[in-house]
Amino acid sequence: MDNGSVLFGAAYYPETWPESERETDIAMMKKAGMNVMRIGEFAWHKCEPEPGRYDFSWLHRVVDDLAANGIKTILGTPPATPPRWFLKAHPEAAILHPNGQREPHGGRRHCCSNNSAYRKESEKIIRQLGKEFGSDPNVIGWQLDNELYSGDCVCDECEKKFHLYLQKMFTTIDELNKAWNNEIFSQAYSSFDDIPMPVSGWQNPHLRQAWRAFTHDSDIEFIHMQRDILKEYTDAPIGTDMMPLNGVGYEKMCEPLDVVMFNHYNDESTLPDLPFWFDYLRTVAGSRPFWNTETATSWNGNNQMDQIVKPAGFCRVNSWLPIALGGKANLYWLWRQHWAAHELVHGAVIYANGRPLPMFDEIQQIAAEFKKAESFLNETEVSTQIAMNFTSLAWQMFEVQPTVRGLSYYPALMDYFYRPIEQLGIRTDVIGVKKDLSGYKVLISPLVMSLEDENLGEHIEEWVKNGGTWIAGPMTDIRTAAGTHFTDRALGRLERMTGASLLAAMPDSGRYVRSQWKDNSPFSANIWQEVYSVADGAEPLTEVCGDYKSLNGGTVLQKCRYGKGTVWLLGTFPSCADWQKLIVRVCEENGIKVSKKAGSVCVIPRKGKDRKGLILIETAHRPASYELAEPMTDILTGIEYQNTVELNPYDVLILEKQR
Amino acid sequence: MDNGSVLFGAAYYPETWPESERETDIAMMKKAGMNVMRIGEFAWHKCEPEPGRYDFSWLHRVVDDLAANGIKTILGTPPATPPRWFLKAHPEAAILHPNGQREPHGGRRHCCSNNSAYRKESEKIIRQLGKEFGSDPNVIGWQLDNELYSGDCVCDECEKKFHLYLQKMFTTIDELNKAWNNEIFSQAYSSFDDIPMPVSGWQNPHLRQAWRAFTHDSDIEFIHMQRDILKEYTDAPIGTDMMPLNGVGYEKMCEPLDVVMFNHYNDESTLPDLPFWFDYLRTVAGSRPFWNTETATSWNGNNQMDQIVKPAGFCRVNSWLPIALGGKANLYWLWRQHWAAHELVHGAVIYANGRPLPMFDEIQQIAAEFKKAESFLNETEVSTQIAMNFTSLAWQMFEVQPTVRGLSYYPALMDYFYRPIEQLGIRTDVIGVKKDLSGYKVLISPLVMSLEDENLGEHIEEWVKNGGTWIAGPMTDIRTAAGTHFTDRALGRLERMTGASLLAAMPDSGRYVRSQWKDNSPFSANIWQEVYSVADGAEPLTEVCGDYKSLNGGTVLQKCRYGKGTVWLLGTFPSCADWQKLIVRVCEENGIKVSKKAGSVCVIPRKGKDRKGLILIETAHRPASYELAEPMTDILTGIEYQNTVELNPYDVLILEKQR
Amino acid sequence: MDNGSVLFGAAYYPETWPESERETDIAMMKKAGMNVMRIGEFAWHKCEPEPGRYDFSWLHRVVDDLAANGIKTILGTPPATPPRWFLKAHPEAAILHPNGQREPHGGRRHCCSNNSAYRKESEKIIRQLGKEFGSDPNVIGWQLDNELYSGDCVCDECEKKFHLYLQKMFTTIDELNKAWNNEIFSQAYSSFDDIPMPVSGWQNPHLRQAWRAFTHDSDIEFIHMQRDILKEYTDAPIGTDMMPLNGVGYEKMCEPLDVVMFNHYNDESTLPDLPFWFDYLRTVAGSRPFWNTETATSWNGNNQMDQIVKPAGFCRVNSWLPIALGGKANLYWLWRQHWAAHELVHGAVIYANGRPLPMFDEIQQIAAEFKKAESFLNETEVSTQIAMNFTSLAWQMFEVQPTVRGLSYYPALMDYFYRPIEQLGIRTDVIGVKKDLSGYKVLISPLVMSLEDENLGEHIEEWVKNGGTWIAGPMTDIRTAAGTHFTDRALGRLERMTGASLLAAMPDSGRYVRSQWKDNSPFSANIWQEVYSVADGAEPLTEVCGDYKSLNGGTVLQKCRYGKGTVWLLGTFPSCADWQKLIVRVCEENGIKVSKKAGSVCVIPRKGKDRKGLILIETAHRPASYELAEPMTDILTGIEYQNTVELNPYDVLILEKQR
């Protein structure tokens, strides 16, 4: 394996197999073309069968055997599954559910990451691992823990830490009472110790928001602790493998880490939406690499057996997407079907009996293709001019204080804003709150309830002032950081910046607050209506024409000037067609070319110092086409394309412009 | 505000706003045309920030400021939200759920109304409030607590009180065992202390019925305690604002109160059914007033955001219905959107930022119209000749011992019996068990499982004997008061009164026990079949013609004589058309005129000593029409109508006959 | 009643009625033609009103009064409903749910069958009952307890017994850890006491399987204990009335019992599937009788009132099915509607008021028909040549480790395998794992995940070797007895027996792993695909033709030779038509005649030493027909049939060949 190669491998659980099986496994790994295995994440008991008695010899043999066959190791730390002896000695370390039940031993993540004994034991095993393998050249990366989301533990330590957390946030209880309007319902507290963990009953959304932030920060603290220990022993890159669940903050979590890791099990139907996450991970990672640490070769077989076999070609597209979109690794879960215990029927690379699954030949092909495209991938980067905001705080606010029944953050952002742009074939960065905006021409910020998030509002305003084009809304800038309404104005800064005035904000699917384009053609305004007066000098694109006379003359979409830049003030959820109409105009105005395209093609422009190309990936298992601006050659097949490229279902084309 | 004016206002929470905002609020209230605010129901902490330290100065200023601007106050007592210091001192006062969890602080109604400490503290704050404001002339009414439904608390005090309650009901445990057939399943108890609170497991329905009665009576006792304290200090009318949930007894609850209060959040789709509740409240109130204390200006925005914006005109119809149907007040929840905390996005009159919602101009119109119609409303009353029973005991019996899967009391009564009559444009009183029947020509009693409820059976029988027309059934008179079958007869009194004999009672949707009208046209007999023999001298209207030969010759609808009166014996749930056919015939026989009508118009005849008229309200947002018997003039517009009145969607016509 | 008569009766609860009602009841029983009543199952309190004070006098009077009128008694033991005094003295005997709640008194089965005090008290009352009635000639049978399924109690005694159970199964904890692959997730235990009861959280499926086996065995032990006591006092047949729920082992439970009992409440829609259970009970019973101890006369009226009235004729078909299929008793639940308490509205023979239900005349007819057919029934037996496996272990494995989302054992077996055969009019035995195979020509074994169940695999292999025809799969032989994958081979014995090799096993509904018959016509392969190579000398019937090229050339259905016999290797769930096509061919090859048939007729060939006939029962309430091989005469009507018999809805024909 050379340094620039794509990491290609799987999760391997040698602790559950006799050593005699290793030969078979390694032979098959080599046959599959893999160069890395992810090992050890749940093997605490095998490494420390009794408290303080460590045995890493077996693990050394695994790492060495793999290395001898050209396969490197990513080593996991095992706090997700403490051994039975730990919970026996510390029953209070098990997660305490609000109903009084303790999470039992037997699965994963049953311990509270705030528990001191658990933290202490975790530190010890991680330190030992670091000592043993920190300088092993065959361990090329470290994975901290596994998919850490603590959820709602209500143990004493959580409670104490939550109170300290609030005290740190507000200093005095009066400040807290004031910030959350605690005279409502006579909620006011006389000390921080009075505050309940808001996991049952009908609770103040600002309290719930603080609780959610606290639980996320507890998880983050636990991971960072693990990182700090390992850093004493290794120079290999360290990351933690996450899923994009519950609004846990990727940016904050990964800040001190060396590599951004991501696990996903997207199905056939959600595959076309998968680029969203890699567009996000790429910006979170910045100059660091990002790795796709888990995905299925075919079906996810958790205890519910949610999925079934995918079409041939799915595995290839699913494996190419992270790499094409900027990632440096793709690993499957799992190498070999477990011969027993949980997740018995999960898809894998080989069966428990050692025979290959039917997608094995596809996997061999992927390995070969990654090699073939290696220099192009290493010498180019994904190139974008547009960004869309995606923030943890917005996710949390949508959770704790719904504005419209059933409206969730990620699905709304995907369905109404990201997917229509992806369907246009326009590559977009998805960015958090800290990303520097200077490289972008256009920023799209729907559903960012509060701009009081890490100075996001200030940064955007400054960037617009200097010439940026900002599409703001709907539901953007309508709350303080704590999630309250503004009382001295309707919005944080948008009224001031645009000169428009918010006339009404209401849940309505365009039934009674209807809109039309200025040429009287219908404009589909869904879910929520923020109706604004038309600002001086602004160009209203639509007008309100519904039942409520006081709103007529207002608009849910206008183009306003601010400094050298532009603010598109959007107050509703347009239909796909209406939103695409707006995006195409904004692109035109900003010199961003939109090519002709049919079907579901993920379009990935890549540019380097000397090379330039375009990756096209069909994601919906249907024929599609894309209009090339200039002739290009497919690195994988050598075929030259020009004008309209016709794609077959699940085609992957790595097109490079002739040098 | 003059004494005969309609009370028009909203719920106002000054405890959650800086005093500096009051000026803005009051200016907007006056602009809206409001004359009353409902204040204080959750402000316990603001009035008693520490145990025993009272501060009412802020509240006096609110009441005085409002009064100075012509706005009166309805003052609430605050037991719904005890301050944190109370629960801290008395954690045992929190509701104990069957699963062992305590209801947490942070929402509303988290204390058990049977808890002694809670009662004691509630008494103290109410007494203080009474002393402070009992003689304040600007406090024109008192609201006790807020929407009190304790549900299933299983704390020690509830258990003890339940045992005492049963002891009072049965005197000896043997009586109880006998009444509930406790040899079944070896349930028999040897003492009252043995009896479980039947909130989990599979429990005897008679025990569950007693438990439900106990929890309702506990709530009623708690409210009456509050009333008794206030009566020491005030002459202003006292009520408690309820929702019609869980069969809680409106009649019993309101017995010692001065005003009947009602909260509702009906949606567009349920608006046509809303008159039911005012037809009921009017009879519960009798000579007392009833007030609509809560409704939304547009959307209900509880923590699930259940609703969206309504069409323009909805607010007006929704506000007119209680008044047209006999009420004296209509108040919105809430005046101004909360700037923070729970229910952040609920519809209101003005936004948190002080700007009006889009239905503000509609609200101004309503205020003006109430003034315009004031003398007509004051000098006339709603006039009816028909009554329909609606009883708490029937509701409870449907809950604790279902006779047909999924059949609930209120929906069944509405769908099959009330709505078809409302659609005919016939005004009906909805009455409980204590209402005097002497003024009615026709009484309709479906689903009254037991007539052993406050002598209801005796009263009806006497009234029929003297000439009344009674439509009895289905599912009426089939149980004892305790909810058991009769064993010495099939029915309590209906067989004896009519001479008909019950051949079978069975759950069947007319599939195998079919019926037809006597002319062989199909009669739609749904859900449940009580087949009777035809009584001597009775007129059977339908005949059974299904699979079961032993039932043929029987009928589910016959007209029987009793004394000077008539009993229509009905054994099934007819379709809307069949039920309307019957009702029209009964009206004809009783000299009750049924006008021609199309669409969804609520028709409200009003009569006074010297004046007479008809209010017509379109409730379904569709065109409709109504055939006038004589020319009338709309008080609101001055337009004169005769013959067919065409109504536009959400029209409100206050028609008066020329004097 | 003579010894060979069908037992015909109902459940009677005299403990809940005044003795004065008995005369009415007995008169009606005689009118109904009944000869047996089932009594006493819940009457513990009436028999032992205080601890140790017994009163059986009332029960003697009941048994004697019935006997005096020609009605025998089946007597129940009452542990299902211990009196309140027991639970008061032993609150720890109540089932402890995983959430910490105790099952309350008031329903049934609230005590843990592992609790020592409960066992002791149960023993005492049963011993007393045995002493009192063991030699009473009018007690012709004993029913142990009632529908015993303990479910998931987590009390201390359950925990201790579970640990002992595992210790007995594995001897050492290392063996257990090894068997369940406990290094996964660091689950390994250091002692049996460490092992959690796997009733919450995400648990090892092998642990869950062991837990399920333990809870079933606890129930079985409790029943066998009751049996052992009664055997000291009586020679009358003893059984326990069960429902086929949760995979509880009928075979193991009934092993030491004298009669196999069965309760069911099949509805109109599931009536055509009901023969399955009698085909199973008949083989479980073997030379013993089986009794249908509970079924509804019409609607089941549990606390949810799940059912409604059935068509006339339903009761007759529902009553005839168990008898025609080999049973010796049919009893209704219940005789007389309870006048109070739980299950108040359940269908019965007579109402609480003593009047007959509308199906009473049908019941009289059934009684007469049973008499008429008595000698034919006694002198013939149900005759079959085919068997299908149905095993408790397979049921448990489907529960604890789903292979495909939502796929449950019984519905899958019914929908895909049993029902299509029943629809062909082919009578099939349904057999467990211990049944001797020697009498069968064909054995069908779908979904038998593990053949390591009581030597099932060995027995089948031996039987095939000697000439049997075995249809094996899908999902058969794919697991060890503990539920793990094999690691040294793909299947336990099927590859070895057939010479075919398993290429892949995957969840897929034939979308990407498609199949066709050899003539290229489509073969519908659903849910799951086990693709095999074609064995040497085997006849492949279908070929795979889907997306995955490595599978093409394989097959999901082939006919292989083994010894003198045949193995049909099936790897998928065929459509009804495809499965019937296969079955018809297998029947033809084995000389089993398949008659022409239309509609839903249960076809029951019966043969005796000297007599022979065919019972035809229409089960779907629709017209149907059946082609007779030879002329026959209906015993009930005397009508002679030949060639095509046309059946009316719910017809029952007891056809006998002329002697």
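Copies are superposed by least squares on the C-alpha atoms of residues with pLDDT of at least 70 in both. This is a predicted model, in which local features need pLDDT of at least 70, side-chain atom pairs count only at pLDDT 80 or more, and totals for chains, interfaces and linings use all residues. Residues are numbered from 1 along each chain as its sequence is written, chains are lettered from A in the order in which they are written, and side-chain values use heavy atoms, without hydrogens and water.

**Stop 1: chains B and C.** Select both chains. A turn of 120° and a shift of 0.0 Å along the axis lay chain B on chain C with an RMSD of 0.0 Å. The two copies are therefore related as by a three-fold rotation axis. Now select B:Asn99: of the residues of chain B, B:Asn99 comes closest to the rotation axis, at 4.2 Å (C-alpha).

**Stop 2: B:Asp217.** Select helix α8 of chain B, residues 205-231, which holds B:Asp217; a helix is a DSSP run of H or I, at least four residues, numbered from the N terminus. Leaving out residues up to four places away in sequence, B:Asp217 touches B:Tyr165 and B:Lys252 (contact means heavy atoms within 4.5 Å). Then add B:Thr24, which lies 193 residues from B:Asp217 in sequence and 43 Å from B:Asp217 in space, C-alpha to C-alpha.

**Stop 3: α15 of chain C.** Select residues 409-423 of chain C, which form α15. Which element gives the largest share of the lining of the largest pocket? That share, five residues, comes from α15(C). A pocket is an open set of points on a 1 Å grid over the protein atoms alone, where a 1.4 Å probe fits, with protein on both sides within 12 Å along at least five of seven lines; lining residues have an atom within 4 Å of a point.

Technical notes:
Helices (H or I, at least four residues) and strands (E, at least two) are DSSP runs, numbered from the N terminus.
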